[in-house]
Structure formats: C-alpha cells, structure tokens
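Reader: I'd like to learn how to read empty space and ligand sites in a model. Could you walk me through it?

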Amino acid sequence: MTAVLDRTARAGTVVTPPVSPAQTTCPAPRHDVLRLGRFTGEGGGVVPDLHVSVRRWGAAARADGSNVVLLLHALTGDSHVAGPGGPAHAPEGWWPTVLGPRAPVDTERFHVIAPDVLGGCSGTSGPADAPLGPGFPEVTVRDQVAAEVRALQALGVTRVAHVIGASAGGMRALEWAAQRAVPVDHAVVVAAPAVASADLRAWLELQRSAVSGDPAWCGGRYAGTTGPVSGLALARQLAVLTYRSAEGLEHRFGDDPEGLAGWLEHHGRAFVERFDAGSYLRLIGAMASHDLGRGRGGVARALAALPARVTAVAVSTDRFATPAEVRALAEGAGGRYAVIDSAHGHDGFLLEADQTAEVLRSVLA
Ligand SMILES: CC(=O)SCCNC(=O)CCNC(=O)[C@H](O)C(C)(C)COP(=O)(O)OP(=O)(O)OC[C@H]1O[C@@H](n2cnc3c(N)ncnc32)[C@H](O)[C@@H]1OP(=O)(O)O
Ligand SMILES: N[C@@H](CCO)C(=O)O
C-alpha cells in the first residue's frame, strides 16, 4: 500500500495509519424515499413535492448525532456507496474500500446516511420527474444541501459527526459545514474547491453547449424521444478528460490511438444509457455556480467563519480541484490538509481506492 499524507496545512497533522485489517462485505442498506413537501431554492425556483432518496447503513443513530456520518456522492454517482444495491448498480458500489464493517466509515461504529442529489436522476427530485420535467428549476449546491438538511430533519437527525463528500459531493460537504440547521462537527472535503475556478467553469460550459446544442435537446422537451444522446455523450467525454491527467492518458494510450478513441466512445455510450440530459445540465449548473463565499462576504470570510472542523483532501494531479485550491481551502478554514498521490488526476479518489481509504481512516480516527 502506498504511503500517503504527512502534508499539513496550518493546523493539525495527518499521520499515516497502519494497514487496514481485511474488510468484510458491506451489508445491504435500508433505502427510503422521503416525501418532504414544497421546496424553494436560492433562486426562487419551486419544487412542489420534494422527495429525497436516502440509503442508510449500520448502527442506530445516537440522539446526539455523535455516530452519524453523512456520505455525499460525486457528480454522476448515487447513494449506492457500497454493498448490494440492486440491478441498476455495480455490486461493489463506488467506494467499497471506504464503507463497510471495519472499513474507515465503519458500519459497526457509525450510522451512515447517503442521499441521492437534488436535480439528479437516481430517486431524488429532478427534471426527469413528472409533472415538472423541463420546468424543473436550476439548482445550486446550497439548494442541494438544503434538500439534504430537510431529509435528515425528517429522519430525526439533529447533528452530524462527520460529513464526507468527494468532487461535487465535496462541494456539498463544504456547504454542509457552513449551514447551522443540522450542525456538523467535522467536514471532510475530498477533491473539491471552495469556489468553482474559471478552468472548471470553462469545461462545464463546453459540456452545457454540447448538450443544449444537440438538436434533439429541444429545450429540454425530449421526453418520449431518444433525447440529445450525441450531445450528452460528447459532454461526458469532455468531462472524463477533466477527471484524468495528461500523464495518465499518455501512460495508458500514448502509443494506442485506437484504444483512446474506443475508451472515449465507451464512456460516452455508457453514460447516455444511465443518465438523463436535463439532470446533467442541472448538476453541472450547480457545480459551475459553486461559491462558498456567495452572500457571506467572500470565500476567505466564509471559510474563516465555518462552525465545523474541516479536513480537505486533494489528489496530487487534479485539475478539477487543484492541490493549491484544496490547500487554500484547508488553510482558510484553519483545518487539516492531506493528499492522495496519484498519476490519474481527479478520479484518483476512486482509482486510488486503498490510499483514499487510508486517508479517511486516519482523519476519522
Ligand atoms: C464517487 C461517485 O459518486 S461517482 C461514481 C463512480 N463513477 C462512475 O462510475 C463513472 C463511470 N466510471 C468511471 O469513470 C471509471 O470507470 C472509474 C473512474 C470508476 C474507474 O476508472 P478506470 O479503472 O480507469 O476505468 P475505465 O475508465 O477504463 O473504464 C472502464 C470501462 O471502460 C471500458 N474500456 C476501457 N478501455 C476501453 C477501450 N479502449 N475501448 C472500449 N472500452 C474500454 C472497459 O471495458 C470498462 O467497461 P465497463 O465499465 O462497461 O466494465
Ligand atoms: N467520475 C466521477 C467524478 C466526477 O465528479 C463522476 O462521474 O461522478
């Protein structure tokens, strides 16, 4: 196992922990869809009948929230973090080394809650739902967190010990750290910045154009048709490149142009089979508008005022949330900083599964 960490920000040192014991299989979660009534977003958009899909694992939640962990998925992920998840899911989930008995997020120790994101297409309200469909409002990361807060309140959760999120989920984890309706003790923000950079926004804008420029998009009124599959596939291919690194691509495909083309084609095709175009535009819109400092006097003031403890984790070759951005987040919040060393870029938090688990084990200890 690769040695990691020991790169610290202003406060606190993260130390390399011992090798994890063998893990046993993650148990099946309990899955609920919570009906939460009318929801109004930051921009005034209304969802008349908000519903939030949540998966839960592990020990019963303590009344003081001291064993509650909230796990927030990335842009196109879902609440199936690990373990058996039904026919639509890979059997192992997306963070099988992170969640389970004796895993870093230990289902024998914690009550773990994973919601599906607002605006997506995995069971929580989104534009693929009737009756709103294309009239579903634009959403922000703050709206997504507000919906998740409502879900936890409906479950009777009044405090969260650790919120952990990666990528778009890391943006939500940071917004969770800022709100006070359901206080958070510790936020672990993996591969996410405090504010979307111009580079990130530029790539997201290209993806938006790819979808909305497909004639089959029809202003979002494509229900009953195949929809904008060419534009959505191109958007995913662009996105996938931002999740990898030049070094990683060179290593894998430097002398294999056909392999590269096939790999990109595979990612485009696989994505249109599992994702809704309207949801994708809502989710990348939320990501592009991410700014912890909005309405809070700017990023520096917002970070300094966070009521939660923060650990920020970068991937060494990430261009989506660069190590410099993630380190600045940690420093601004007076928190801890750790690095996943990877040649692969942003997706390092998925591809370096053991290293990611090692980092999370140490910060949750
Ligand atoms: C954290 C979250 O919530 S996000 C959820 C996780 N993300 C996803 O599942 C998104 C889709 N998956 C991925 O992006 C990637 O598979 C990762 C990041 C999970 C893993 O990356 P890698 O191990 O590098 O896998 P890779 O990008 O090669 O993808 C593997 C697939 O590509 C296919 N593939 C690889 N090379 C080629 C090629 N040259 N030609 C055609 N297909 C190819 C493989 O057959 C495999 O197909 P399958 O998924 O149907 O089994
Ligand atoms: N590869 C992940 C990370 C992007 O945030 C996803 O598709 O959601």
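**Reading the spaces**

Author: Let's start inside: the largest cavity holds about 60 Å³ of space. Keep in mind that this is a predicted model.

Reader: How does anyone find a space like that?

Author: The general idea is that you roll a probe the size of a water molecule over the atoms, and that shows where empty space is left. Here, searching the whole structure turns up four cavities of 30 Å³ or more.

Reader: Which helices each supply at least two residues of the lining of the largest cavity?

Author: That would be α1 (141-154), α2 (168-178) and α7 (277-288). The lining residues include V141, Q144, A168, M171, R172, A286 and M287. By type, the lining divides into nine nonpolar residues, one polar and one charged.

Reader: And what surrounds ligand 2?

Author: Its neighbours include A74, L75, T76, G77, R236, Y243 and H346. Sort that shell by type and you get five nonpolar, four polar and two charged residues. The space ligand 2 takes up is the largest pocket. A74 and L75 turn up in the shell of ligand 2 and also in the lining of the largest cavity.

Reader: Which polar contacts should I look at for ligand 2?

Author: Try three, each to an oxygen atom of the ligand. A side-chain N or O atom of T76 is 2.7 Å away, a polar side-chain atom of R236 lies at 3.0 Å, and a backbone N or O atom of L75 lies at 3.4 Å. As for cover, ligand 2 on its own has 250 Å² of accessible area, and the protein covers 93% of that.

Notes: Residues numbered from 1 in each chain as written. Chains lettered and ligands numbered in written order. Predicted model: local features only at pLDDT ≥ 70, side-chain atom pairs only at ≥ 80, totals over all residues. Heavy atoms only, no water. Near = heavy atom within 4 Å. Polar contact = N/O pair within 3.5 Å; in protein donor to acceptor, adjacent residues only side chain to side chain. Areas by Shrake-Rupley, 256 points an atom, 1.4 Å probe, with all protein chains shown as cover. 1 Å grid on protein atoms, 1.4 Å probe; cavity = no way out; pocket = protein on both sides within 12 Å on 5 of 7 lines; lining within 4 Å. Sits in = over half its atoms within 2 Å of the grid points. Nonpolar A, V, L, I, M, F, W, Y, C, P; charged D, E, K, R; others polar. Points joined across faces, edges and corners; volume = space filled by probe spheres on them. Helix = DSSP H or I, 4+ residues; strand = E, 2+ residues; numbered from the N terminus.
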